[in-house]
Each structure stands twice: as structure tokens, then as C-alpha cells.
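Hi,

Here is the structure I promised to pass on. Have a look at it first, and my notes on what I found come right after.

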Amino acid sequence: MTDDLKELENALRHVQPSRLSPDLLDRLDQAMQKWEQHTPESEEESNVVPFPATQPAKKSWSLFSSQGLSAAAAVAILGASAAVFLTPSTQKPEEAVAQESSSAQQSAPKLNRNFTNVTADRMYWNDDKQPMRQLSLDYVDSLQVTDDQGRVLLLKQPKRRTFLVPLQTD
Amino acid sequence: MVSPVATDSSSSSTPETLSWREWLEECGPKLLLFARQQTRNSQDAEDVLQESLVKLAKKVNDNTFTGGQNGWLPFIYTSIRRGAIDLGRKNDRRGRREDKAYVASEIESGGVDDPWFGAFDAQDELGQQLESALKDLPPKFAEVISLKVWGELTFAEIGENLGISQNTAASRYRYGLEALKKKLSGARNRGDIEL
């Protein structure tokens, strides 16, 4: 636990719950003194063994849920990427080599991504009273290209992506 | 009527004789606080607390209570929680007429007839702010805070009381404190309370 939460905890311990009023104290004292006359209605429950706590039923996975749609979108992207990168070339091998050598002075662009920082920020509560932690991911995309005159250009773009991650409380 | 005898079966310490009243004066405030959190109004809280105390008195006098005096508080907390759940179901079946009447009286009185926290001179505002903040918290977080801070239970005891794991109890406590800190920070920044 962080220091500020410990500080809050200590401060809370100094706030005392309200004392019982004299009337309530008398009433409760009398009830405990004469417990035979105050048998609770749920007396039979004292002999009942409660069922063990059960895990909440997991939500059924549906294709049309947010998770299902995300999975479908991921599959679609993977499939499209595979189609792009794995499409067999219609060129003959010797033609491909000739074309490669003619553009040798232009090197392929280099794309790079560097993660610079990950932070766990504030906590939020969603509409379902579920605590969520905000995570921020900082990274820099850089692209290095060489033009036909041999000049090397480096493009950098800093980015930040923010996620809300549900915190486990059950 | 036999007064409860506080004995520790796990040690050879000298038994102490406590009257119910003495024990109530010491532990009653935190029990009532928990009962208020578990129920809809002060009257229900007092009824549930009384019912739980009667159960304890019966078991102690029948010599059917196991665990000694150290087990009284956890027993009462568990009993309060179960009693509140049962009472809630009964109230749902009975209808909302009584609730409406109570809400009307709360509005008329400003809801300050039964403050949850003692009114100290310098902390009256803090008590009110704290009560309001706890009421705003989801119940499963507020009850863990109540049991840990004022009930002085361990996370293992809290988990057993609420039917959750020790780690879950600790998580709810930490997240609940974070939420509480955020809710109280506004009043703190305004200088309404010192925390």
C-alpha cells in the first residue's frame, strides 16, 4: 500500500463511530439479558449449513459481444495482412532480380517503434461500479527513408495510447 | 442470567468477567456502524444488531459458542450481514410503504439524526464527509473498509466473513481506500476537513 493510503488509513482510525445512544444501549442490554424472550425469527437458520460461496457464472461468449467483435476484427486484419504479404508474385524470378538491382540505390524504408514509458495512472469507476485502472503507453514511431538522391530522411512521431484495464475485485 | 465469561481456550490466561453492557459500550459503535452500512435505515440497523446480539447471548449461555471472546466480533459481523440480507428480502416482499415514510422523515430532518461517526468539535465536518463518501462507495468496498479500519479484523477474517478470498479482501480494501481518498480530496483542498 502506498504511503498516502497508509496516511489516510491512520486518519480514518482516529474518526470514531458514533457511540450507542443510552436508549439503544439499554434496549440491547435488556435483549441480551433476556435472550430467551427475544428468540430471533431465523432461529432455525442457526442449524442450517450455508452453501459454500460459488463463483459467479461466467458470461457466455458471443460473437456479437465486444470481445467477439474484437476477435473477429483481429482475424480479419490477420487475414488481410497475410493476403498482402503472401500473395505469390506473378513475376518471373529473373525479372524480379532485374527490378531489384535497378532500384538498389533506394533502400527499403525502415520502420521502428520504441516504447519509452508505461505508467499506471488514476483509477476510475465505470457505470457498473467496476474499478478500472488507466494505463498509458508512450512510444515513438520512426520511419527512415532514402530518396532517389541518396538523402536519408528520418521521421519520428511520438504517440501515447491509453487503456482502461478492469481491476480484479472478485 | 449468567454474565458472559471471557475465556481464551487457547491459553491459560485468567478468565475475565465482563457484563454485556461493558462489552456493548466498547464494541457497540463499530458493530452499529457495520449494521448501518448493511441496511437501509437506522431502525433496520438497530434491529439487525439486536437480533445478532441475542443469538450470541444464547450461544454463550448455552455453552455452544466456540472460539472464546476473540470470536465474538467475527460472529456478530457475520450474523449482522446475514440478518441484513434476510431483512432486505422481507422488506422487498412487504413493499415500499415503510421505506417511503422513512425517506420522507429523512428529508425533513436533513438526514443527520443518526450520524455514523461521533461529532467531535474539530472533526464534525470530517465525520459527515466520511459518511457521505462511504455511502457513495459500492457496498462491497465500503464494508471491507469498515471491517478493516473500525472492526479491526484481519483480511483473512474479513474474507471468511464475506465469503471471499483473503487477496480479494485486500484488493477491495486498497481500491476502496483509493476511491475514498479521491472523494475526500475535494473537501480537503477546500479546507473543509483536515486529513
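On the chain A–chain B interface: 44 residues of chain B are in contact with 36 residues of chain A, where contact means that the C-beta atoms, placed from the backbone, lie within 7 Å. On the chain B side, α1, α2 (42-61), α5, α6 and α8 each give two or more residues; helices here are DSSP runs of H or I with at least four residues, strands are runs of E with at least two, and both are numbered from the N terminus. That side divides into 23 nonpolar, 9 polar and 12 charged residues. For that split, Ala, Val, Leu, Ile, Met, Phe, Trp, Tyr, Cys and Pro count as nonpolar, Asp, Glu, Lys and Arg as charged, and the others, Gly among them, as polar.

Before you go further: this is a predicted model, so local features need pLDDT of at least 70 and side-chain atom pairs count only at pLDDT 80 or more, while totals for chains, interfaces and linings use all residues. Residues are numbered from 1 along each chain as its sequence is written, and chains are lettered from A and ligands numbered from 1 in the order in which they are written.

Now α8 of chain B (residues 166-190). Its 25 residues reach 37 Å from first C-alpha to last, close to the expected 36 Å (1.5 Å times one less than the number of residues). There is still a kink of about 35° centred on B:Leu184, taken as the angle between axes fitted to the seven residues ending there and the seven starting there. B:Leu184 is also among the buried residues of α8(B), as are B:Tyr173 and B:Lys181; buried means 20 or more other C-beta atoms within 10 Å. The cover over those buried residues includes α1 (3-13), β1 (110-125) and β2 (131-146) of chain A, plus α5, α6 and α7 of chain B. B:Gly191, with a positive phi near 85°, follows the helix.

α1(B) is another story: it has 19 residues, but its end C-alpha atoms are only 23 Å apart, short of the 27 Å of a straight helix. It bends by about 55° at B:Cys27, with B:Pro29 following within four residues. B:Gln38, also in this helix, is buried because 24 other C-beta atoms lie within 10 Å.

Over in chain A, β1(A) and β2(A) pair in the antiparallel sense over 13 bridges (pairing needs at least two DSSP bridges). β2(A) also pairs with β3 (residues 152-166), antiparallel over 15 bridges.

Cheers

Key
A residue is buried if 20 or more other C-beta atoms lie within 10 Å of its own, exposed if 12 or fewer, and partly exposed in between; C-beta atoms are placed from the backbone. Two residues are in contact if their C-beta atoms, placed from the backbone, lie within 7 Å.
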